[in-house]
Amino acid sequence: MSTTADPLAALGALPGVADSVDSVRKAVDRVYGHRIMRRRSNEITSEAALRGARGSAALADAEWALEEVRRRTDFSGDGEARTVGAALRLTAESGQLLSIWRQSPLRVLARLHLVAAADSVEGAGRPRLAGEPVEEPLIELPLPDADEVAGRLEGLSQLIIAGSAAPALVMAAVVHGELLSLRPFGSHNGLVARAAERIVLVGSGLDPKSICPAEAGHAELGRAAYVAALDGYASGTPEGMAAWIAHCGKAVELGVRESAAVCEALQRGAA
């Protein structure tokens, strides 16, 4: 990924990307304009967090029913339970890191991994070193070595700190795609990448109340589509990058649909 002045601006001009950005903006505006949001937005935010965590865990091979995630209090059991617990912790932690993200994104990423891993793996909270293995079974892209990871993380950090005129969807998609392509940590990279996407969407002002769980949308689109779109990002071609951004846009729209349905249900209950 280039680190020239505002490289994301060119991505925003790719064929189809502007349409995705416009469609996402309209969908987000509609759900924010729902009458129930004026009185019960905190409930929508809480439900979106739960659904987002459930979706992110599903993409990490822990596909639980929403009601199971809702009722469970102990996530210390098998691998699936620990994955769901990690996703829930990340969703809760993300909201606490918004003010740090633009000044020190690498510090935030380290914190996200530490929270996800919960000291269960060696090297929690730091990028992997040369020769250290990576556990990320869903992603089969070639694994960059530790030196490439360090360089590209620094480039991503500089890009975030410098800011961009590109739409929030483009920045969120690039952060998500770059982290998942790099897999900078020994584990939990998918969970961290999706949490970082959420931070960008919220911190940019596109989704300030965090009611549009893109993670739920990614899960609904399915693992095969997720991996195929990521392959496009990793290819670095304009077509592949545009397809990944559009995929992320569709995921946000599906997350919006989830929250719109929650708004409707609450409104019916209040009638």
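Which helix gives the most to the lining of the largest pocket? I began my entries with this point, keeping in mind that the model I was reading is a predicted one.

**Entry on the pocket**

I looked up the largest pocket and noted that about 510 Å³ of space lies in it. Its lining is made by 24 residues, and I wrote down Gly-79, Thr-83, Glu-135, Ser-187 and His-188 as the ones that lie nearest its centre. When I asked which elements give two or more residues to this lining, I found helix H5 (79-94), helix H7 (105-117) and H10. To settle my opening question, it is H5 that gives the most, with five residues. Sorting the lining by class, I recorded 11 nonpolar, seven polar and six charged residues.

**Entry on H9 and H10**

Since H10 had come up in the lining, I went on to its packing with H9. Helix H9 covers residues 168-182 and helix H10 covers residues 189-203, and I noted that they pack at an angle of about 165°, with their axes 8 Å apart. Angles over 145 degrees count as roughly antiparallel, and H9 and H10 are therefore roughly antiparallel to each other. I also noted that H9 passes H10 in a right-handed crossing.

For the contact itself, I listed Ala-168, Met-171, Ala-172, Val-175, His-176, Leu-179 and Leu-180 on the H9 side, while H10 brings Asn-189, Gly-190, Ala-193, Arg-194, Ala-196, Glu-197, Val-200 and Leu-201. By class, I recorded 10 nonpolar, three polar and two charged residues in this contact.

Note on methods:
Residues numbered from 1 in each chain as written. Predicted model: local features only at pLDDT ≥ 70, side-chain atom pairs only at ≥ 80, totals over all residues. Heavy atoms only, no water. Axes fitted to C-alpha atoms, helices over the stretch in contact; angles between N-to-C directions. Helix = DSSP H or I, 4+ residues; strand = E, 2+ residues; numbered from the N terminus. Parallel < 35°, antiparallel > 145°, perpendicular 65-115°, else oblique. Left-handed = near helix turned anticlockwise from the far one by under 90°. Contact = heavy atoms within 4.5 Å. Nonpolar A, V, L, I, M, F, W, Y, C, P; charged D, E, K, R; others polar. 1 Å grid on protein atoms, 1.4 Å probe; cavity = no way out; pocket = protein on both sides within 12 Å on 5 of 7 lines; lining within 4 Å. Points joined across faces, edges and corners; volume = space filled by probe spheres on them.
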